[in-house]
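Thanks for coming. I have one structure to show today, and I will go through it in a few short steps.

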Amino acid sequence: MLNQDIVREATRLTRAGQLVEATALLQRMLHGGSTPKPEHRNAAQARFPLLDPLTIDATADVVGEREAPQISLARSGRKRSLPLDGMGDFSGLGLRSPITRAPLSPSDIVPEGTRFIAGTFSNAAGSRTYKLFIPSRCQKQRLPLIVMLHGCTQSPDDFAAGTRMNFLAEEQNCFVVYPEQPSGANQSKCWNWFRTGDQRRGGGEPSMIAGITRQIMRDHAIDPKRVYVAGLSAGGAAAAIMGATYSDLYAAVGIHSGLACGAASDLTSAFVAMRQGGGSKAIADGKTSVPTIVFHGDRDTTVHPKNGDQIIEQSARVTRPTKKVLRGRVPHGHAYTRTVLIDGAGRAISEHWNIDGAGHAWSGGSPAGSYTDPQGPDATREMLRFFLERSLGG
C-alpha cells in the first residue's frame, strides 16, 4: 500500500471511530513497516465511543549527554516516563506518559515573598482555570506579562517548577500566567493544536487563552506593549497559534519542542507532522509576523526537529532576512547552534536554538518539574531576554 493510500485509509478509520486501527496503520507507515489489512470491528466494538478530543502528544524522551555521562537526569530522584506496551492506553495512543513523581514544594514553584494565585476565565468557547505569578515589586509601574502554556500531562505548578520562569520573572519584575488545560478538554491535558477549530482567532482554545491574557491585563498593572506567550510541546504548538492569530496582542513568541501554526488539521496529519515535520500553512490574522524564539533538541523523537525549522520559516515569511549563526556549549552540558534572522533594519526577528543531543524536554530546566533537561542551554533565561528586548510596535 502506498503512503497516500495509507493516509486515506487511516483517515477513513479515524472518522469511523477506529482509533486503534488508524494509529497502528500510521505508525507502521512512519516506521517503514508492512501494513496489514484493516480489521472489521464487531457490533460491540463499534459501540465504543470515539475519544474526542484526541491525544496527540504525551511523550517526553530525555537523551543523556554523551560527553558528560556523569550528569544524569535520573540523579534528581524524580521519576520520568516509561514506555507503554502495545496500544491498550487510549489516552496516550501507545506513546509514553509520566508516572507518579515526588510532590512539589512551594519553594520549587515560587520565590519567597511572592504570590501565585488561582483564577478562572469563561467565555462562549468554555472555561479555563489559571495560576498567576505576581512579583514582589509590582506596586506602581506597568509590568510585562508572560503567558506560559504547559505540555501534555503537566499542570501550572509542574510547568512553573520545571521552567523556573517565576524565579526569573521575579528578577526581571514580570507577571506570569499559566492557563490550565483540563483533562475534560483533552484526556492527557494537551492543548488541541491539531484541530482547526482551535487554530483560529475568536474561537476555541485561542479565544480562551487570549481572554485570560486580557483579563490579567485588565485586573493588574500590565504594559500592553510587553505581553508575550511561550509553551512546551503541545503548549509550544498552541503558542505558535497564538502568535499567528493574535499578533496585535503578543509582542513575541517562545516555542520549545513545538510545531508551526497549521502544521496539522486532524489526527492523521498530526502524526505525520510529529514524526516527519508538518506543513506550515499559517492561519494568521493578516498582520505582521511576531518575533519568535525556538528551542528544539536534535534528538527529539516525539516532535521531529524539522518542525523547529518550519516555525522559523513561518515567522520570517513577510521579510527577507539575513542569517547569523553562532555556536556554543554549556559547560559540562549540551552544545548548541543559535541561528539569528535579521531584517533589513538590522533587527533580530527570530532565533532558533538547535540543541545537540537533546530530546523532548525543556532545555536548562529544573529537575523539580517534569520533562526537563538541566544540561542546558537555559531556555527560560534566553526566552525572557528575547521577550524583554521587544515591544509591540517597537
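I will start with the sheet, then take the helices on it, then the aromatic side chains, and end with two single residues.

A word of caution before that: this is a predicted model.

The sheet, then. Please look for an open sheet built from 10 strands. Reading across, the strand order is 3-4-6-5-7-8-9-12-11-10, and the pairing is mixed. At the edges are strand 3, residues 115–123, and strand 10, residues 322–329, each of them paired on one side only. From one strand to the next, the twist averages 20 degrees.

Now some of the pairings inside that order. Strand 5, residues 143–149, runs parallel to strand 6, residues 175–179, and three bridges join the two. If you want a place to put the cursor, Val147 has Val177 of strand 6 as its bridge partner. Strand 5 is also joined to strand 7, by six bridges, and that pairing is parallel too. There, Leu149 stands opposite Gly231 of strand 7. Going on from strand 7, five bridges connect it to strand 8, again in parallel. Tyr228 and Ala252 of strand 8 are opposite each other. As a reminder, the strands of a sheet pair through backbone hydrogen bonds, parallel or antiparallel.

How enclosed is strand 7 by the rest of the structure? Eight of its 11 residues are buried, so strand 7 is largely enclosed.

Next, the helices on the sheet. Helix 10, residues 306–315, packs on the sheet and touches strand 8 (252–256), strand 9 (292–297), strand 11 (335–342) and strand 12 (348–355). The direction of helix 10 makes about 170 degrees with that of strand 9. Helix 10 is mostly covered, with seven of its 10 residues buried. The buried ones are Asn307, Gly308, Gln310, Ile311, Ile312, Gln314 and Ser315. What covers them includes helix 9, residues 267–276, along with strands 8, 9, 11 and 12.

Helix 11, residues 379–388, lies across strand 5, strand 7 (222–232), strand 8, strand 9, strand 11 and strand 12. Helix 11 runs at about 165 degrees to strand 8.

On to the aromatic side chains. The count comes to seven aromatic pairs. I will show two. Phe116 and Tyr178 form an edge-to-face pair, 5.6 Å centre to centre, with 85 degrees between the planes. This pair links distant parts of the chain, since Phe116 is in strand 3 and Tyr178 in strand 6, 62 residues apart. Phe116 and Tyr178 are both buried.

In the second pair, the ring centres of Phe159 and Trp362 are 5.7 Å apart and the planes are at 90 degrees, so this pair is edge-to-face as well. Phe159 is in helix 5, residues 156–163, and Trp362 is in strand 13, residues 362–363, which puts them 203 residues apart. Both Phe159 and Trp362 are buried. What do Phe116, Phe159, Tyr178 and Trp362 form? They form one aromatic cluster.

Two arginines also meet aromatic rings. The charged end of Arg164 sits over the ring of Phe167, 3.9 Å from its centre. Likewise, the charged end of Arg390 is over the ring of Phe386, at 3.7 Å from the centre.

That leaves two single residues. Thr380 is in helix 11. Buried or exposed? Thr380 has a relative accessible area of 0%, so it counts as buried. Its side chain reaches the backbone oxygen of Thr163 at 2.6 Å. Leaving aside residues up to four places away in sequence, Thr380 touches Thr163, Arg164, Met165, Leu168 and Trp362. Two of those names have come up already: Trp362 belongs to the aromatic cluster, and Arg164 has its charged end over Phe167.

The last residue is Tyr371, in the loop between strand 13 and strand 14 (372–373). Why does Tyr371 count as buried? Its relative accessibility is 8%, and buried means under 20%. The side chain of Tyr371 makes a polar contact with the side chain of Thr153, at 3.2 Å. The C-alpha atoms of Tyr371 and Ser233 are separated by 10.0 Å, and these two residues are 138 apart along the chain.

That is the end of the tour.

Terms used:
Residues are numbered from 1 along each chain as its sequence is written. This is a predicted model: local features need pLDDT of at least 70, side-chain atom pairs count only at pLDDT 80 or more; totals for chains, interfaces and linings use all residues. Side-chain values use heavy atoms; hydrogens and water are left out. Two strands pair if DSSP finds at least two bridges between them. Helices (H or I, at least four residues) and strands (E, at least two) are DSSP runs, numbered from the N terminus. Axes are lines fitted to C-alpha atoms, for helices over the stretch in contact, and angles run from 0 to 180 degrees between N-to-C directions. Contact means heavy atoms within 4.5 Å. Rings of Phe, Tyr and Trp (its six-membered ring) pair if their centres lie within 6.5 Å; planes under 30 degrees apart count as stacked, over 60 as edge-to-face and the rest as tilted. Buried means under 20% relative accessible area, exposed over 50%, partly exposed in between (1.4 Å probe, protein chains only). A charge sits over a ring if NZ of Lys or CZ of Arg is within 6 Å of the ring centre and within 35 degrees of the ring normal. A polar contact is a pair of N or O atoms within 3.5 Å; within protein, one must be able to donate a hydrogen and the other to accept it, and residues adjacent in sequence count only if both atoms are side-chain atoms.
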